[in-house]
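Please find below a short note on the structure, set out as numbered points.

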Amino acid sequence: MTMWNKLLTTLDQLFGMPNKASSKVKKLQQGFDNRTQEHVIWFEYRIKVRNAIPPRPDPNVFEEERIKRERGSKIINAILDDVLKDYPKRR
């Protein structure tokens, strides 16, 4: 068994799902952190699941984004009103 297979088996045991169809591990990047003097390796671990139900989007997130947009546009409109009040109006 190669070291990659051992790593994949360990990750499956640690994070695995009961209805796992397949899994894979891939090295994305390797580098050296000069600040801590350590070698750093980034991995990607993917699991494919049988009969997986996609998660529903949280409706509160969309509502929060809408509120942020409205709040931002109100602030911009207030600033523009304040700035433009000194300019003469066109007829």
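**Notes on the predicted model**

1. The model is predicted. To begin with a single side chain, Phe15 is partly exposed, as its relative accessible area is 48%, and a value between 20% and 50% counts as partly exposed. Phe15 belongs to helix α1 and returns below as a member of an aromatic pair with Tyr45 of strand β2.

2. As to the overall architecture, the protein contains two helices and two strands. Their order along the sequence is α-β-β-α.

3. The overall dimensions deserve attention. The radius of gyration of the protein is 26 Å, whereas a compact globule of 91 residues would have one near 12 Å. Along the principal axes, the C-alpha atoms occupy a box of roughly 85 × 45 × 20 Å.

4. Burial and surface may be read alongside those dimensions. Of the 91 residues in the protein, 5% are buried. The accessible surface amounts to about 9000 Å², and carbon and sulfur atoms contribute 55% of that area. Among contacts with a separation of 6 or more, 38% join residues that are 24 or more positions apart.

5. Is the length of helix α1 in agreement or at odds with the expected rise per residue? Helix α1 covers residues 3-15, and at 1.5 Å a residue its 13 residues should span 18 Å; the C-alpha atoms at its ends are 18 Å apart, so the two values agree.

6. Which residues of α1 are buried? They are Leu8, Leu11 and Asp12. Viewed down the axis of α1, the buried residues lie within an arc of 105 degrees, and therefore they line one face of the helix. The general geometry is relevant here: an α-helix has 3.6 residues a turn, so residues three or four places apart point the same way.

7. The surroundings of α1 complete this picture. Its buried residues pack against β1 (20-33) and β2 (38-49). Met3, Gln13 and Leu14, on the other side of α1, are exposed.

8. Searching the whole structure yields two aromatic pairs. In one of them, the ring centres of Trp4 and Phe43 are 5.8 Å apart and the planes meet at 70 degrees, so the pair is classed as edge-to-face. Because Trp4 lies in helix α1 and Phe43 in strand β2, this pair ties together parts that are 39 residues apart in sequence. Trp4 is partly exposed, with a relative accessible area of 42%; Phe43 is likewise partly exposed, at 42%.

9. The rings of Phe15 and Tyr45 have centres 6.3 Å apart and planes at 45 degrees, so this pair is tilted. The pair links distant parts of the chain, with Phe15 in helix α1 and Tyr45 in strand β2, 30 residues apart. Tyr45 has a relative accessible area of 22% and is partly exposed, the cut-off for a buried residue being under 20%.

10. One backbone feature should be recorded. Where does Gln37 lie? Gln37 is found in the loop between β1 and β2. Although Gln37 is not a glycine, its phi is positive, at about 60 degrees. The relative accessible area of Gln37 is 55%, so this residue is exposed.

Technical notes. Residues numbered from 1 in each chain as written. Predicted model: local features only at pLDDT ≥ 70, side-chain atom pairs only at ≥ 80, totals over all residues. Heavy atoms only, no water. Helix = DSSP H or I, 4+ residues; strand = E, 2+ residues; numbered from the N terminus. Expected span 1.5 Å × (residues − 1). Buried < 20%, exposed > 50% of the residue type's maximum accessible area, 1.4 Å probe, protein only. Arc of directions from axis to C-beta. Contact = heavy atoms within 4.5 Å. Phe/Tyr/Trp six-rings, centres within 6.5 Å; stacked < 30°, edge-to-face > 60°. Rg over C-alpha atoms; globule rule 2.2 N^0.38 Å. Areas by Shrake-Rupley, 256 points an atom, 1.4 Å probe, with all protein chains shown as cover.
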